[in-house]
Amino acid sequence: MAHFVKTHKQPYDGLTKAVSGRPLVGKSALITGAGRGVGEHITKGIASAGAAKIAILGRDKVRIEAARDRFAARYPETKFVAFAADVTDENAVAAIFDAFGAPDIVINNAGQFPDDGPFIQQDLKPWWAGWETNVLGPAVVTQKFLQTKAVPKGAVLLTVSSMAAHMRFPLTGWAGYNSSKLAQVRLFENIRIEHPDIRFVNVHPGNVDSDGFTRSGASAPPDGMTNGELAGDFFAWLATDDAAFLNGRFVWAEWDIEELKGRRKDIEDGDLLLTTIDGFSKGFF
Ligand SMILES: NC(=O)c1ccc[n+]([C@@H]2O[C@H](COP(=O)([O-])OP(=O)(O)OC[C@H]3O[C@@H](n4cnc5c(N)ncnc54)[C@H](OP(=O)(O)O)[C@@H]3O)[C@@H](O)[C@H]2O)c1
């Protein structure tokens, strides 16, 4: 699956060109978990692509406000607003959309690595709390977004999933994370059927150095870590019309965008990049 098309670990010309013309000028975005790690890279990618206004969200008030100040200094043409909230808190998330309005782009990035060793040893309370952040959190953010007045037609909702949703790792200590990431994918494959005017894409950001990656206990893949800038630029590209054909799909930030575009017909006609089990491709239809 990782080799669906050619892959990149570092920024490359095709992607850089696709986002360097500031294709997101005038757009607004809301990004969860934006104060560090993958969320910080995504925020930089969306701001570099010209977004006018970005709301960033995290639980830690000091951290998210410090991130806002860093972003504001680096991207003076973008307005940043920081919100401290837990993504599983329905009232807090609803209040954020009331204050910010319905953005053109929503990115469900906040997530946790809930496993502490083999399943049999887990304290299932914190384990489940991590599962809630990964599944209930994006559900809350998405539902409150959809319930906000004047959701823009053609809005884009990107969810930071993981290769963990699909890879058959022979690893112990990943039952909570892998299952929560697969549940996320199915959540959005279903919600999108009810909202054909909105584009939903599930995305593996690559293996990006972060507090979360360290906490996960994963080792760097043999071919190296993914550059965070590449991941951020890929999310920016996904928010442009150029990537509209990927609606509903699961994609990797490392995939070459020109080759992906070249496979558009295969993806659309062959129902590729959707979840199923081997040998049972189309269910009842
Ligand atoms: N790093 C990788 O290689 C990798 C690979 C595949 C997928 N991912 C996915 O990428 C996303 C970000 O991961 P990361 O590696 O950047 O992890 P991280 O370094 O632990 O960052 C997680 C972010 O999410 C926020 N967060 C966590 N729980 C939250 C909650 N309940 N409500 C609101 N915000 C919350 C954290 O902010 P506060 O602590 O301030 O709340 C932080 O900004 C996750 O969805 C993860 O599954 C990462």
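## Close-up views of the ligand site and the sheet

**View 1. Helix H7 gives the most residues to the shell around the ligand, contributing three.** This is a predicted model, and in it the ligand is surrounded by 31 residues, of which the closest are Arg-36, Arg-59, Tyr-177, Val-208 and Ser-210. When the residues of this shell are sorted by class, ten are nonpolar, 14 are polar and seven are charged.

**View 2. Oxygen atoms of the ligand make polar contacts with side chains and with the backbone.** In the side chain of Arg-36, an N or O atom is 2.7 Å from an oxygen atom of the ligand, and for the side chain of Tyr-177 the corresponding distance to a ligand oxygen is 2.6 Å. Gly-212 takes part through its backbone, where an N or O atom lies 3.0 Å from an oxygen atom of the ligand. On its own the ligand has 880 Å² of accessible area, and the protein covers 96% of that area. Helix H2 (37-48), helix H6 (175-194) and helix H7 (211-216) are the elements that give two or more residues to the shell around the ligand.

**View 3. Seven strands with parallel pairing form an open sheet.** Reading across the sheet, the student will find the strands in the order S3-S2-S1-S4-S5-S6-S7. Strand S3 (79-84) and strand S7 (250-252) stand at the edges and have a single partner strand each, so one side of each is left without a neighbour in the sheet. From one strand to the next, the twist averages 20°.

**View 4. Strand S1 and strand S2 pair in the parallel sense.** The pairing joins residues 28-32 of strand S1 to residues 53-58 of strand S2 over five bridges. One residue pair that can be picked out here is Thr-32 with Leu-57, where Leu-57 is the bridge partner in S2.

**View 5. Helix H5 and helix H8 each pack on the sheet.** Helix H5, which spans residues 124-147, touches S1 as well as strand S4 (105-108), strand S5 (156-160) and strand S6 (199-204), and the direction of helix H5 makes about 165° with that of S4. Helix H8, which spans residues 228-238, touches S4, S5, S6 and S7, and the direction of helix H8 makes about 165° with that of S6.

Terms used: Residues numbered from 1 in each chain as written. Predicted model: local features only at pLDDT ≥ 70, side-chain atom pairs only at ≥ 80, totals over all residues. Heavy atoms only, no water. Near = heavy atom within 4 Å. Polar contact = N/O pair within 3.5 Å; in protein donor to acceptor, adjacent residues only side chain to side chain. Areas by Shrake-Rupley, 256 points an atom, 1.4 Å probe, with all protein chains shown as cover. Helix = DSSP H or I, 4+ residues; strand = E, 2+ residues; numbered from the N terminus. Nonpolar A, V, L, I, M, F, W, Y, C, P; charged D, E, K, R; others polar. Pairing = 2+ DSSP bridges. Axes fitted to C-alpha atoms, helices over the stretch in contact; angles between N-to-C directions. Contact = heavy atoms within 4.5 Å.
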